[in-house]
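The following note is offered to a colleague who is meeting this structure for the first time. Please read the numbered points with the sequence and the model in view.

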Amino acid sequence: MTNQFELIFCIVNLGFSDSVMSAARELDSRIGGTVLSARGTAREEAEKMFNITIEPEKEIVMMLVSKELKDSILHAVYKSVGLNTPGQGIAFSLPVDEVVGLSNPTLIQKDDKKEE
């Protein structure tokens, strides 16, 4: 499978990963994610520049999504946990070149046709 997916990363304050997933699942209930614990290293200058207090304890939510849904999910996540909310989240996506291990029958059928 090539160029059908994007990987969304959303970095939020500790305790807001469920809000990220809820916002994404409003667009597609099948979306899953992986949550990593993290620690931010922002400096005092960054807090002054953005006029916010930056909490060091973070969660990173990673979601593999279709290219078609990427923009909608990024927008929904930003509305739910963006910088101007208690979650103080940022989100971005990266293109994914290849994916293996998915069990979606529609995607498997597309791959099978390429091999013939």
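Does Phe92 count as buried, partly exposed or exposed, and what is its relative accessibility?

1. Phe92 counts as partly exposed, because its relative accessibility is 35% and the buried class requires a value under 20%. It should be noted that the model is a predicted one.

2. Phe92 belongs to the one aromatic pair counted in the protein. Its partner is Phe9: the ring centres lie 5.2 Å apart and the planes meet at 15°, so the pair is stacked. Phe9 is part of strand β1 (residues 2-13) and Phe92 of strand β4, so the pair ties together parts that are 83 residues apart in sequence. Phe9, at 17% relative accessibility, counts as buried.

3. As to the overall arrangement, the protein has four helices and four strands, which follow the pattern β-α-β-α-β-α-β-α along the sequence. Among contacts with a separation of 6 or more, 76% are between residues 24 or more positions apart.

4. Of the 116 residues, 34% count as buried. The protein exposes about 7700 Å², and carbon and sulfur atoms supply 52% of that area.

5. Gln88 also merits attention. This residue sits in the loop between α3 (67-81) and β4 (90-98) and is buried, with a relative accessible area of 15%. Its side chain makes a polar contact with the side chain of Asn13 at 3.2 Å. Leaving aside residues up to four places away in sequence, the residues that Gln88 touches include Ile11, Ile52, Ile54 and Val81.

Conventions
Residues numbered from 1 in each chain as written. Predicted model: local features only at pLDDT ≥ 70, side-chain atom pairs only at ≥ 80, totals over all residues. Heavy atoms only, no water. Helix = DSSP H or I, 4+ residues; strand = E, 2+ residues; numbered from the N terminus. Buried < 20%, exposed > 50% of the residue type's maximum accessible area, 1.4 Å probe, protein only. Polar contact = N/O pair within 3.5 Å; in protein donor to acceptor, adjacent residues only side chain to side chain. Contact = heavy atoms within 4.5 Å. Areas by Shrake-Rupley, 256 points an atom, 1.4 Å probe, with all protein chains shown as cover. Phe/Tyr/Trp six-rings, centres within 6.5 Å; stacked < 30°, edge-to-face > 60°.
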